[in-house]
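Thanks for coming. I'll go through one structure today, contact by contact. Please have the sequence and the fold open.

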Amino acid sequence: MASGKKVFIVGPGFIGWNVLEHLVKENYEVTGFVRRQSHADQIKASGATGTVIGDLDDKALITKHALSHDIIIHTATADHLPSAEAILDAVQQRAEKGLHTIYIHTSGTSVIGDNAAGQYRSDKVYHDNTPSEVDSVSDNAPHRQIDLTILKVQKQLGEKAKIAIMIPPLIYGFNPNHKRTSIQIPTLTRYALKHGYAGHVGAGLSIWSTIHVLDLARAYVTVLHHLESTPASSPEILENPYYFIENTGDNEPSWKDFATVIGAELHKAGLISDPTPRTIPPENYGDVFQEFTEAVVGSNSRSRAVRLRQLGWKPVEKSWKESFAQDELPFILKENADHKAFSGYKGAVAS
């Protein structure tokens with residue numbers, strides 16, 4: 001296998017599994033770092049050359065395997081510093097040996113979110129071709145401490161590595177072969193099934209950019225090809241690591257829009273008596289995203305994928321409304337679950 005074609009994906013799950021399949025089709029040799037043997041078997045069936053089973057906290061194991069790969073992609077979570085540090089350690093060690101590495105990290109547009117709590121629609125829009133806009137956010141913004149750690153190493157390494165930070169917005173969509181759902185819209189749907197109404201935070205006025213997971217996966221490949229073909233000395237690489245990915249442009253949906261569609265579809269299915277969305281009372285936040293509910297499904301987050309569109313990428317998948325009605329909702333309704341027992345989402349939120 002030619003140098004530059006060996007890829008190590010940390011966390012090939014909802015996002016990364018789709019990225020893996022694209023890379024396999026292009027004859028990359030892909031190894032996936034997963035938590036469970038069952039998922040190792042799944043990505044092998046998708047064409048992964050190798051698998052490593054481990055925990056994200058096992059820095060030594062991640063560094064060991066990252067050292068032997070030219071390309072490293074982190075899609076596990078935007079909020080796990082030790083695994084990102086483990087990759088950066090490998091990138092630095094490779095640089096000391098004269099080996100160049102491409103590292104693509106996954107952040108999320110919660111980093112540009114605000115504290116609207118559903119009360120207003122923001123006019124603030126962030127563009128990835130102006131890195132100062134992203135750099136203007138607070139150091140304490142979601143995901144930002146990890147992004148800053150990566151930026152520090154990027155500055156130290158300069159032309160010795162090519163580093164990009166993918167910043168997806170609200171992700172939706174469904175791959176029927178993977179049978180995995182996204183986070184925000186399915187959680188709001190399960191909340192509605194439990195409580196009998198579709199809910200939103202506050203007045204539901206805040207808006208978010210969105211992206212279908214399959215368009216997102218293709219975006220990773222587009223960025224990878226760009227990094228491979230662009231000199232490490234290019235300002236494109238050295239001065240701006242950020243890539244937004246969205247399919248909404250100026251037509252971002254509000255959280256009330258999401259709730260309206262959830263309510264209409266559940267009412268059509270005979271599962272709730274009234275399709276009209278309502279405000280979720282704070283005492284019910286435990287059934288959504290706990291103390292993070294207002295930040296996760298109540299903030300504004302408006303991003304523009306200027307750079308990807310300049311590279312020729314464009315979104316082609318279903319809209320979030322079509323995807324919800326045709327794909328996610330039917331899958332959720334087939335779950336062997338007691339919806340009345342739902343107690344919120346407690347994992348990491350990718351966006």
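One definition before anything else: a residue is called buried under 20% relative accessible area, exposed over 50%, and partly exposed in between. By that scale Lys-318, at 29% relative accessibility, is partly exposed. Keep in mind throughout that this is a predicted model.

Lys-318 is a convenient place to start on the charged contacts. The side chain of Lys-318 makes a salt bridge with Asp-327, with 2.8 Å between the closest N and O atoms. Asp-327 has a relative accessible area of 17%, and therefore counts as buried. In general, side chains of opposite charge can pair when their charged atoms come close.

How many salt bridges does the count come to? The count is 14. I'll take two more of them.

Glu-85 pairs with Lys-59, and their closest N and O atoms are 3.0 Å apart. Glu-85 belongs to helix α4, residues 81–96, and Lys-59 to helix α3, residues 59–66, so this salt bridge ties together parts that are 26 residues apart in sequence. Glu-85 has 25% relative accessibility, so it is partly exposed. Lys-59 comes out at 29% and is likewise classed as partly exposed.

Next, Glu-252 and Arg-302 form a salt bridge at 2.7 Å, N to O. This pair links distant parts of the chain, 50 residues apart: Glu-252 is in the loop between β11 (242–244) and α10 (255–268), and Arg-302 is in the loop between α11 (293–298) and β13 (303–304). Are these two side chains buried or exposed? Glu-252 is buried, at 7% relative accessibility. Arg-302 is buried as well, with a relative accessible area of 6%. The two also belong to a network of salt bridges that links Asp-250, Glu-252, Arg-302 and Arg-304.

Charges also meet rings in this model. Lys-5 places its charged end over the ring of Tyr-28, 3.9 Å from the ring centre. Arg-307 does this with Tyr-243, where the distance to the ring centre is 4.2 Å.

That brings me to the aromatic pairs, and the count there is seven. Phe-174 and Phe-331 make a tilted pair, 5.0 Å centre to centre with 45° between the planes. Here too the pair links distant parts of the chain: Phe-174 is in the loop between β8 (170–172) and α7 (184–195), Phe-331 is in helix α13 (residues 320–333), and they are 157 residues apart. Phe-174 is buried at 11% relative accessibility, whereas Phe-331 is partly exposed at 23%.

Phe-258 and Trp-320 are another aromatic pair, this one edge-to-face, with 4.6 Å between centres and 65° between the planes. Phe-258 is in helix α10 and Trp-320 in helix α13, so the contact ties together parts that are 62 residues apart in sequence. Phe-258 is buried, with a relative accessible area of 0%. Trp-320 is buried too, at 9%. Ring pairs join both of them with Trp-208 and Trp-255 in a cluster.

Now the strands. Why call β5, residues 101–106, largely enclosed by the rest of the structure? Because six of its six residues are buried. Both faces are covered, with Thr-101, Tyr-103 and His-105 on one side and Ile-102, Ile-104 and Thr-106 on the other.

What does β5 pair with? One partner is β4, residues 71–74, which runs parallel to β5 and is joined to it by four bridges. In that pairing His-74 stands opposite His-105. The chain gets from β4 to β5 through α4, and this β-α-β crossover is right-handed. Another partner is β7, residues 161–167, also parallel, over six bridges. There, His-105 is opposite Ile-165.

Last, helix α8, residues 213–229. At 1.5 Å a residue, its 17 residues should span 24 Å, and the end C-alpha atoms are 25 Å apart, which agrees. The helix is mostly covered, with 12 of the 17 residues buried. Among the buried ones are Val-213, Asp-215, Tyr-220, His-226 and Leu-227.

That is my list. I'll take questions now.

Technical notes. Residues are numbered from 1 along each chain as its sequence is written. This is a predicted model: local features need pLDDT of at least 70, side-chain atom pairs count only at pLDDT 80 or more; totals for chains, interfaces and linings use all residues. Side-chain values use heavy atoms; hydrogens and water are left out. A salt bridge is a side-chain nitrogen of Lys or Arg within 4 Å of a carboxyl oxygen of Asp or Glu. Helices (H or I, at least four residues) and strands (E, at least two) are DSSP runs, numbered from the N terminus. Buried means under 20% relative accessible area, exposed over 50%, partly exposed in between (1.4 Å probe, protein chains only). The expected span of a helix is 1.5 Å times one less than its number of residues. Two strands pair if DSSP finds at least two bridges between them. A crossover is right-handed if, with the strands pointing away from the viewer, the path from the first strand over the helix to the second runs clockwise. Rings of Phe, Tyr and Trp (its six-membered ring) pair if their centres lie within 6.5 Å; planes under 30 degrees apart count as stacked, over 60 as edge-to-face and the rest as tilted. A charge sits over a ring if NZ of Lys or CZ of Arg is within 6 Å of the ring centre and within 35 degrees of the ring normal.
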